[in-house]
Amino acid sequence: MGNKGQMEIMGLAIIVILISLAFLFAVQFFLFAPSTDMVRPVKESAVAANFLSSVLGTSTDCYGRSIKELLQDCALSGILQCPGGVNSCFYSQQEIGKMLDASLGAWKKSYLFSVGGMPDDFSIGSQCSGEKEYKQYPVVVRPGYDIMVTLEICG
Amino acid sequence: MDLLKGKIKMKKAQIRLFESMAVLVVFLLLLGIGSVVYFKFQRASIEREVIESENVRSLQLFQRALYLPEVDCSFVSVQKDNCFDISKLYFFSELLKNEEHRIGYFDIFGFSKIQVKQVYPSVSDMFVLYSNVPDNYRSKLASHSSVLLFNASSGTYGFGVVEVDYYGE
């Protein structure tokens, strides 16, 4: 009879242990499941695309040329002399930097803006180490010759 | 002797009864704990879904604000992407100062605040396009983007920023 009682108590203890284990798994699964944010990457992607299209279309004080036109001149020869006695390459880099500071910088976002494919390539910002949203915009300099404007916004 | 046997049987029955009651109590305790934990999970899950839904609505509002046909730059029916016409912005914001017109746009913008500001080549004041901020709100989601600002009088494009604040109730 003593053994029977002991067997029953052991059975009860096993049930309690099994239920506790099930609760632990449920807690692990539901409470600590990684949340997937699907909205932030879409927004960041739109911000990157909008920045590139805005900055390239912006008019400057360098003969009223847009940033895109200044980059095209920089890619070809850089002979245009802008206010301050600087060439189009330096001037465009300077003005893009101002716009980056006033937008992404003011929103406390880390970024890397770069222009490649021309003799005087340049970049502004720092490389992203983790997640990032990445947009590229080709600028046609002349048929068969494109330069690439790239923006990375770090997540 | 029979009396003794009867007493022993009674004791056994009592013990069995207490055993059954103990099992029942433990079972009900476990059931109660399980229910509390389950409802806590459900509440956390619902709160996560509410936040996700607010994020999606904030994104929808953000996209609508950036592609408003009332203020876009259009030339001979050709629309320029990601561009606001400054003169249209001014007149549209004046229109929305009238409560009747603002109510008409509530379906599109809801409880939100949309502001535009030129930052290059010159910095302008923050220009409020639409403002409908509730007295009490649970959350505020801010979105920013850049935009071209077309000045029709000079024919030039400035660089501006758009700030869209969504208020969740």
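This is a guided tour of a two-chain interface, one long helix and several charged pairs, in a model that is predicted.

**Stop 1: the interface**

Begin by selecting chain A and chain B together and displaying the residues at which they meet, where 30 residues of chain B are in contact with 34 residues of chain A. The size of an interface is often given as the accessible area lost when the parts come together. Here chain B and chain A bury about 2,800 Å² between them, and carbon and sulfur atoms account for 68% of it. If you then colour the chain B side by area lost to chain A, the residues to pick out are Phe41(B), Tyr120(B) and Phe159(B), which lose the most and together make up 24% of what that side buries.

Next, keep the chain B side selected and ask which elements supply it: α1 (2-66), β3 (112-120), β5 (139-151) and β6 (156-168) of chain B each contribute at least two residues to the side that touches chain A. The largest share, 15 residues, comes from α1(B). Sorted by class, this side of chain B holds 16 nonpolar, 10 polar and 4 charged residues.

How many salt bridges are there between chain B and chain A? The count is 0, although the rule does find 11 residue pairs in polar contact across the interface, with both residues of each pair at pLDDT 80 or more.

**Stop 2: the helix α1(B)**

Now hide chain A and select α1(B), a helix of 65 residues that reaches 96 Å from its first C-alpha to its last, which is close to the 96 Å expected at 1.5 Å a residue. Showing side chains along this helix, you can mark its buried residues, among them Gly34(B), Phe41(B), Glu54(B), Asn55(B), Ser58(B) and Leu59(B). The list of buried residues in α1(B) also includes Leu61(B), Phe62(B), Ala65(B) and Leu66(B). Phe41(B) thus appears both among these buried residues and among the three residues of chain B that lose the most area to chain A.

**Stop 3: Asp165(B) and Leu141(B)**

From the helix, move to Asp165(B), which lies in strand β6 of chain B. Is Asp165(B) buried or exposed? Asp165(B) counts as buried, because its relative accessible area is 3%, under the 20% cut-off. Leaving out residues up to four places away in sequence, Asp165(B) touches Leu61(B), Phe111(B), Ser112(B), Lys113(B), Gln115(B), Lys140(B), Leu141(B) and Ala142(B).

Select Leu141(B) from that list of contacts, and you arrive in strand β5 of chain B. Leu141(B) counts as partly exposed, with a relative accessibility of 21%. With residues up to four places away in sequence again set aside, Leu141(B) touches Glu54(B), Asn55(B), Ser58(B), Val164(B), Asp165(B) and Tyr166(B). A C-alpha distance label drawn from Leu141(B) to Leu59(B) should read 9.5 Å, while the two residues are 82 residues apart in sequence.

**Stop 4: charged pairs**

Side chains of opposite charge can pair when their charged atoms come close. Over all chains the count of salt bridges comes to 8, and three of these pairs can be visited in turn.

Go first to chain A, where the side chains of Glu44(A) and Lys109(A) meet in a salt bridge of 2.9 Å, N to O. The pair links distant parts of the chain, with Glu44(A) in helix α2 (residues 39-57) and Lys109(A) in the loop between α4 (88-105) and β3 (111-116), 65 residues apart. Glu44(A) is buried at 8% relative accessibility, whereas Lys109(A) is partly exposed at 24%.

Staying in chain A, select Lys98(A) and Glu95(A), which form a salt bridge with their closest N and O atoms 3.2 Å apart. Because they are 3 residues apart in helix α4, about one helical turn separates Lys98(A) from Glu95(A). Lys98(A) is partly exposed at 43% relative accessibility, while Glu95(A) is buried at 3%.

In chain B, the pair to select is Lys97(B) and Glu94(B), a salt bridge whose closest N and O atoms are 2.9 Å apart. Lys97(B) is exposed, with a relative accessible area of 57%, and Glu94(B) is partly exposed at 34%.

**Stop 5: Arg40(A)**

Finish in helix α2 of chain A at Arg40(A), which is partly exposed with a relative accessible area of 32%. Beyond its neighbours within four places in sequence, Arg40(A) is in contact with Glu131(A) and Gly155(A). A last C-alpha distance, from Arg40(A) to Glu133(A), spans 9.9 Å in space, for residues that are 93 apart in sequence.

Conventions. Residues numbered from 1 in each chain as written. Chains lettered and ligands numbered in written order. Predicted model: local features only at pLDDT ≥ 70, side-chain atom pairs only at ≥ 80, totals over all residues. Heavy atoms only, no water. Contact = heavy atoms within 4.5 Å. Buried area = accessible area lost by both parts, 1.4 Å probe. Salt bridge = Lys/Arg side-chain N within 4 Å of Asp/Glu carboxyl O. Polar contact = N/O pair within 3.5 Å; in protein donor to acceptor, adjacent residues only side chain to side chain. Helix = DSSP H or I, 4+ residues; strand = E, 2+ residues; numbered from the N terminus. Nonpolar A, V, L, I, M, F, W, Y, C, P; charged D, E, K, R; others polar. Expected span 1.5 Å × (residues − 1). Buried < 20%, exposed > 50% of the residue type's maximum accessible area, 1.4 Å probe, protein only.
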